[in-house]
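Trainee: I am new to this structure and would like to understand the words people use for it. Could we go through them together?

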Amino acid sequence: MRGGLAGPRVLLRRIREIMAEPLGAQDRLDKIVVQIASNVVAEVCSVYILRADDVLELYATEGLNRDAVHQTSLSVGEGLVGLIAAQARPLNLSDAQSHPGFAYRPETGEENYHSFLGVPILRAGRTLGVLVVQNKASRSYYDEEEEALQTVAMVLAEIVASGELELLSRDGAELNLSQPLHLEGLSMAEGIGLGHVVLHDPRVIVHELIADDLEAEAVRLDEAVKLLRLSIDDLLLRDDVAKGGEHRDILEAYRMFAYDRGWVRRMREAVRTGLTAEAAVERVQNDMRARMMRSTDPYLRERLHDFDDLANRLLRSLLGEQSAVSPENLPKDAIIVARNMGAAELLDYERGNVRGLVLEEGTHTSHVVIVAKALGIPTVGMVQEATSLVENGDAAIVDAESGQIHLRPAADMQSAYGEKVRFRARRQEQYRLLRDEAAITLDGVNIGLQMNAGLLVDLPHLQEAGCDGIGLFRTELQFMVSATLPRKNQQEQIYSAVLDAADGKPVTFRSLDVGGDKILPFISLAQEENPAMGWRAIRLGLDRPGLLRLQLRALLHAASGRHLKIMFPMIASLDEIRDAKELLNREILQLERHNRKMPDVLEVGIMLEVPALLFQLDELMDMVDFVSVGSNDLYQFLFAVDRGNTRISKRFGHLPGSFARTLKQIVDAGKRSGKPVTLCGELAGTPLGAMGLLALGYRSISMSPSSIGPVKAMILSLDLQKVTDFMDGCMKSDIESGDLLDLLQDFANQNNVAI
Ligand code: PEP
Ligand code: MG
């Protein structure tokens with residue numbers, strides 16, 4: 001069948017006839033392998049199917065010993081067949097037995113065959129089995145033969161996916177389709193969710209694989225490609241995109257790929273082998289997906305993902321299907337699974353129905369994760385191949401405490417997690433009961449508990465959590481989830497809404513803390529070697545004051561006649577405080593000039609995150625109304641531990657003696673000057689960390705809303721004098737005592753503190 005495309009076309013037609021015959025599963029498979037062998041002129045054709053236990057079992061053969069069917073098996077990675085499955089890549093060998101991976105199975109009688117061509121049976125990038133042809137003579141198979149085999153493998157994948165072959169599996173050797181599956185990722189937003197999978201961008205399933213009329217299919221494909229190109233050109237002309245930015249960059253890349261000749265040529269060739277237009281798109285998409293899974297180069301993976309997205313768009317246009325799930329049809333217990341998604345897309349789902357979120361990508365700072373956290377949706381990110389491995393409607397458990405996903409869980413696993421969820425709910429209920437109680441220690445000291453926020457969806461927590469105000473409003477979050485730069489009026493509305501919701505309780509607005517890992521889609525910053533120490537936060541605000549001034553103006557307007565607290569992030573020197581205050585004063589003067597009503601009270605503070613300030617604490621206190629310790633960044637810079645680097649995450653977030661002393665020096669300086677000092681990093685959000693802070697002298701802390709309840713319960717059971725004495729004792733010791741949190745845990749256990 002060298003060169004011509006009639007071969008695969010005839011073969012596909014024959015297979016279609018076999019598919020239509022009223023046959024049992026084994027007979028159908030047997031007939032198919034006979035057809036393939038004769039069409040490819042091979043003496044052997046065998047089909048291996050992947051079982052749930054990761055073993056490839058011989059399901060049908062023409063040419064090998066038939067007694068070996070359902071007897072011969074190879075693990076993934078074992079032998080040539082196992083290698084193809086492991087690598088999801090074809091193998092074309094003129095002398096199979098000299099390949100180092102060859103594994104001899106005497107029962108098959110394959111010693112007589114020298115040449116070997118095997119291809120993976122793939123569906124949505126997932127390997128379901130391996131299709132092999134063999135010949136006695138030593139020969140190299142042509143590319144066309146390899147292509148033809150890959151096309152047939154698609155049909156076999158459909159047969160496997162239809163469940164027909166499950167009837168042939170023996171007990172203990174079930175197929176891989178409905179078995180429980182365990183995936184791992186990184187926990188991004190805490191909690192546990194039980195429910196059923198909803199694919200955010202559902203795979204388009206192609207059922208019509210074999211073409212009736214090749215010419216018509218070629219025209220359909222060309223039309224769909226033309227439409228795709230037009231739709232991307234249109235998007236690029238849209239107002240918000242035309243101006244540039246990351247949005248535009250992504251679309252430009254899409255446009256480039258949509259015009260990629262190689263991609264379109266391969267799809268056209270696939271049509272000429274006898275496939276429908278949609279099957280041809282999928283056939284090429286399968287190759288891309290397999291390459292994507294093999295590739296470790298993040299840039300290449302990203303580009304292959306772009307092709308994958310484009311192929312999905314093409315498939316939808318060919319099949320006339322709408323894109324994502326309609327939020328109205330969402331099941332009541334949806335576990336949303338996506339490669340990635342925009343923050344706004346998550347907000348489109350009915351919050352009450354979403355039990356969990358699973359992302360193939362998704363990092364702690366991605367917008368969708370920020371929003372998921374604010375909404376309290378248990379989220380696990382960096383789950384490889386998640387979208388390929390699940391089907392819509394699969395039962396799933398998202399354990400965002402350990403970063404694990406259990407798909408199609410067994411009954412005992414489900415009930416164990418169900419119990420866990422009920423336990424958490426009972427605990428939440430107990431915390432809710434504390435809502436209106438003041439946070440007072442056993443020895444009568446009142447502790448100020450505030451919450452961290454940044455989005456409008458956070459605001460209901462203010463009442464629900466029972467806290468004293470917002471200690472840190474991260475204004476950049478609103479910017480990060482927005483596709484365009486929020487204008488002054490929009491900003492003013494947001495800040496005003498925040499103050500309304502706070503209803504007189506204090507709110508500390510932090511000016512934009514962008515740069516580093518906090519990327520705004522509409523501002524392109526140059527790539528930096530060390531973004532955490534780069535052009536970010538107040539540096540950006542002072543060097544290019546336009547954005548910061550606009551924000552300060554919006555804040556002043558929103559807070560007219562009210563109490564306003566502003567703080568500047570990442571301050572590294574006293575000069576920066578002076579400059580930032582000067583900028584603010586200019587805006588105030590402007591207000592006065594226009595006789596606009598001023599805030600009743602205006603307090604200006606800074607975040608203490610850069611260690612250089614530790615050596616000027618008294619001077620610093622003189623220049624501000626308050627200080628808030630950003631313990632996340634302070635720790636990062638003090639210990640030179642990148643807070644976002646998962647490889648060193650074990651080194652982050654402790655309380656060694658040196659850090660305890662640092663934190664104490666700051667709070668002591670505050671006491672000396674009479675200036676309030678609070679702390680709003682993650683350390684304050686765990687009962688143990690918060691207890692350590694109280695022991696060091698902090699009387700006000702700010703944390704995520706979900707931490708307020710547990711921290712309040714700790715305070716209500718704590719003898720503050722006792723823990724302060726304990727801490728003093730720990731700090732006096734000259735010996736490096738490891739993590740003080742461990743010692744504090746012992747203290748809590750011995751003194752019945754609710755931790
Ligand atoms: C911090 O650095 O501790 C902090 C609260 O700020 P962010 O986490 O937003 O950098
Ligand atoms: Mg910070």
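Trainee: How far does a polar side-chain atom of Arg-510 lie from an oxygen atom of ligand 1?

Mentor: That distance is 2.8 Å. A word on the ground rules: this is a predicted model, where local features need pLDDT of at least 70, side-chain atom pairs count only at pLDDT 80 or more, and totals for chains, interfaces and linings use all residues. Residues are numbered from 1 along each chain as its sequence is written, chains are lettered from A and ligands numbered from 1 in the order in which they are written, and side-chain values use heavy atoms, leaving out hydrogens and water.

Trainee: What makes the approach of Gly-630 to ligand 1 a polar contact?

Mentor: A polar contact is a pair of N or O atoms within 3.5 Å; within protein, one must be able to donate a hydrogen and the other to accept it, and residues adjacent in sequence count only if both atoms are side-chain atoms. A backbone N or O atom of Gly-630 is 3.4 Å from an oxygen atom of ligand 1, so the pair falls within the limit.

Trainee: Which helix gives the most residues to the shell around ligand 1?

Mentor: Helix H22 does, with 3 residues. Helices here are DSSP runs (H or I, at least four residues), as are strands (E, at least two), numbered from the N terminus.

Trainee: Why is Gln-26 called buried?

Mentor: Buried means under 20% relative accessible area, exposed over 50%, and partly exposed in between (1.4 Å probe, protein chains only). Gln-26 has 19%, so it is buried. This residue lies in helix H2 (residues 25-40), and its side chain makes a polar contact of 2.9 Å with that of His-70.

Trainee: How do you know that helix H24 is largely enclosed by the rest of the structure?

Mentor: Of its 10 residues (687-696), 10 are buried, so that description fits. Just after H24 comes Gly-697, with a positive phi near 120°.

Trainee: What makes a group of residues a nonpolar core?

Mentor: Its members are buried Ala, Val, Leu, Ile, Met, Phe, Trp, Tyr and Cys residues joined through side-chain atoms within 4.5 Å. The largest one here has 117 residues, and Leu-620 and Met-691 are among those touching the most other members.

Trainee: Why is this core said to lie between domain 2 and domain 4?

Mentor: Both domain 2 (181-202 + 325-414) and domain 4 (437-750) give residues to the core, so it lies between them. The domain bounds come from an automatic or database domain assignment.
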